[in-house]
Amino acid sequence: MPSLSVGALTAFLRLKRANRPFVSPARAQERIRERALRPSPFGPPARLRGDVTVSVEHRDGGPVYTLAPRAGRARGSVVYVHGGGWVHEIAPQHWKLAAGIAARAETTVVVPIYPLIPFGTAAQVVAATAALVADCRARYGDTCLAGDSAGGQIALSAAIVLRDEYRVRLPATVLISPCVDLSLTNPDIDLVQPTDPWLGRDGTLVLIEHWRGDLELADPRVSPLAAELHGLGPLTVFCGTNDILNPDNRLLVDKARAAAVDVEYHEAPGHVHVYPLTPTPEGKAARTLIVDRLRAAMAAPH
């Protein structure tokens, strides 16, 4: 049974009408115009964590932040790709999770600020993410991927590119409510939609049309569920049941397991989209698991 704070969070999201850009095509187009004209700030909060250092460099014209534990020696690295429907900038919750991973997993966390729609496209960003992971491997050693929502799509697509083009099998990929089939044609989405206070199909499809660029929806760089999954490294997947992406997350887990991929799936009954990022007991427990899995992946022999 979900905690009482889940109900409060759901009520807040409905009151805030958090789903407006995702349920209405007109609102989605308006949000694209707003963010193109007035981009949101993306830098980390001034007071993030005292036990983590933050630095920034520019790569391919965009900022890439590096978070590292202040004391001790970091092991390997994690590339974290933030969500936001490919149109919203990184949020404080993302920074808090990234800093927590750096401090508690004792690893370097690299956070790319990738171009959003209408300027960024899947082909461009997925390729850049895969190249960033390859560079992190050369610089820090073992490197994992993590991402939430739209960032989960980018992370899983990049893991597939790394397998196919770089012959790299990652020690771990952590996916938080990833969008894995951008056609959004799963009929079970309609069953979940009334319970989801955050996402919606009609507006999201507008965002997806911009994001896919010249690629087909079935291209794995757009919809990683369409890929052959055999040969991927271990996956850890988190998803709430009151999330329209839940049906496709279940399909991902089933398909990956059928392809002999090591999958650990955590489903939160009654919880919302990207629940590990939420200020709830379930979110806190999920964040602890994320840190534990990434720490273990970095420590394991490969």
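## The sheet

In this predicted model, 8 strands form an open sheet with mixed pairing, in the order E1-E2-E4-E3-E5-E6-E7-E8. The edge positions are taken by strand E1 (52-59) and strand E8 (263-268); each has a single partner strand, so one side of each has no neighbour in the sheet. From one strand to the next, the twist averages 15°.

Strand E6 (residues 173-176) and strand E7 (residues 235-240) run parallel and are joined by 4 bridges. Within this pair, Thr-173 stands opposite Leu-235 in E7.

## Helices packed on the sheet

Helix H9 (residues 246-258) packs on the sheet and touches E6, E7 and E8. The direction of H9 makes about 160° with that of E8.

Helix H10 (residues 281-299) also packs on the sheet. Its contacts are with strand E3 (77-81), strand E5 (143-148), E6, E7 and E8, and its direction makes about 170° with that of E7.

## Helix H6

Helix H6 (residues 150-165) has 16 residues. From its first C-alpha to its last it reaches 22 Å, close to the 22 Å expected at 1.5 Å a residue. Of the 16 residues of H6, 14 are buried, so the helix is largely enclosed by the rest of the structure. Just after H6, Arg-167 takes a positive phi of about 55°.

## Annotated domain

An unreviewed UniProt entry carries the annotation "domain: Alpha/beta hydrolase fold-3" for residues 78-275. In the model, this span is 39% helix and 16% strand, and its end C-alpha atoms lie 20 Å apart.

Definitions and conventions. Residues numbered from 1 in each chain as written. Predicted model: local features only at pLDDT ≥ 70, side-chain atom pairs only at ≥ 80, totals over all residues. Heavy atoms only, no water. UniProt positions renumbered as here; feature names shortened; annotations may be inferred. Helix = DSSP H or I, 4+ residues; strand = E, 2+ residues; numbered from the N terminus. Pairing = 2+ DSSP bridges. Axes fitted to C-alpha atoms, helices over the stretch in contact; angles between N-to-C directions. Contact = heavy atoms within 4.5 Å. Expected span 1.5 Å × (residues − 1). Buried < 20%, exposed > 50% of the residue type's maximum accessible area, 1.4 Å probe, protein only.
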